[in-house]
Amino acid sequence: MKQKTPAVRTGKPEKNLRHEYRQIIVDHVTIWQAADVVKDEQAPFIRIRLVKLLFFKSLSVKGARADAGCGPEIKK
């Protein structure tokens, strides 16, 4: 089974996919959490950070994992 890794991006999910996300507001920031992303058992919380390097900015996530048991089943 392939291991999925949670990813973070800026912006909102497409309108037709928003029902697959949980909307959370933290410090006036809206977070759209996918149904298959859960807190890692060893982590006290999920942390999302803005990382800056010179002119580049990116988001990083720690303390989360993608739960293979959630999400739609893929038929072969």
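Helices (H or I, at least four residues) and strands (E, at least two) are DSSP runs, numbered from the N terminus. With that in hand, Gly-63 can be placed in the loop between strand S5 (56-62) and strand S6 (64-66); the tour will come back to Gly-63 later.

The model is predicted: local features need pLDDT of at least 70, side-chain atom pairs count only at pLDDT 80 or more, and totals for chains, interfaces and linings use all residues. Residues are numbered from 1 along each chain as its sequence is written, and side-chain values use heavy atoms, with hydrogens and water left out.

**The whole chain**

Show the chain as a cartoon. It has six strands and zero helices, so from the N terminus the order of elements is β-β-β-β-β-β. Now switch on the surface. Accessible areas come from the Shrake-Rupley method with a 1.4 Å probe, and for residues only the protein chains shown count as cover. The chain has about 7,200 Å² of accessible surface, and carbon and sulfur atoms hold 55% of that. A residue is called buried under 20% relative accessible area, exposed over 50%, and partly exposed in between (1.4 Å probe, protein chains only). By this rule 12% of the 76 residues are buried.

**Stop 1: the hairpin**

Select residues 21-26 and 29-34. These are strands S1 and S2, which run antiparallel and are joined by six bridges. Two strands pair if DSSP finds at least two bridges between them. One bridge to find is that of Ile-25 in S1, whose partner in S2 is Thr-30.

What lies between the two strands? S1 and S2 form a hairpin with two residues between them. Select Asp-27, in the loop between S1 and S2. Its phi is near 50 degrees, a positive value in a residue other than glycine. His-28 is found in the loop between S1 and S2 as well, and has a positive phi of about 65 degrees although it is not a glycine. Asp-27 is exposed at 70% relative accessible area, and His-28 is exposed at 81%.

**Stop 2: two residues of S2**

Select Thr-30 in strand S2. Thr-30 counts as partly exposed because its relative accessibility is 39%. A contact means heavy atoms within 4.5 Å. Not counting residues up to four places away in sequence, Thr-30 touches Gln-23, Ile-24 and Ile-25. Draw a distance from Thr-30 to Lys-12, C-alpha to C-alpha: the two are 9.0 Å apart in space and 18 residues apart in sequence.

Move along S2 to Gln-33. Is Gln-33 buried or exposed? Gln-33 is buried, with a relative accessible area of 17%. Leaving aside neighbours within four places in sequence, Gln-33 is in contact with Glu-20, Tyr-21, Arg-22 and Ile-24. A polar atom of the Gln-33 side chain lies 2.8 Å from the backbone oxygen of Val-37.

**Stop 3: the salt bridge**

Select Arg-65 and Glu-41. A salt bridge is a side-chain nitrogen of Lys or Arg within 4 Å of a carboxyl oxygen of Asp or Glu. The structure holds one: Arg-65 pairs with Glu-41, with the closest N and O atoms 2.6 Å apart. Arg-65 lies in strand S6 and Glu-41 in the loop between S3 and S4, so the pair ties together parts that are 24 residues apart in sequence. Arg-65 is partly exposed at 25% relative accessibility, whereas Glu-41 is exposed at 56%.

**Stop 4: Gly-63**

Return to Gly-63, which counts as buried at 18% relative accessibility. Which residues does Gly-63 touch, not counting those up to four places away in sequence? They are Val-38, Lys-39, Asp-40, Ala-43, Phe-45 and Ile-46. The C-alpha atoms of Gly-63 and Phe-45 are separated by 6.0 Å, while the residues are 18 apart along the chain.

**Stop 5: a nonpolar patch**

Select Ile-46, in the loop between strand S3 (37-39) and strand S4 (47-53). Ile-46 is partly exposed, with a relative accessible area of 31%. Add Ile-48, Leu-50 and Leu-59: with Ile-46 they form a nonpolar patch on the surface, with about 300 Å² of accessible area together. Patches are made of residues with over 30% relative accessible area and no salt bridge; like charges are joined within 9 Å, nonpolar side chains (Val, Leu, Ile, Met, Phe, Trp, Tyr) within 5 Å.

Technical notes
A polar contact is a pair of N or O atoms within 3.5 Å; within protein, one must be able to donate a hydrogen and the other to accept it, and residues adjacent in sequence count only if both atoms are side-chain atoms.
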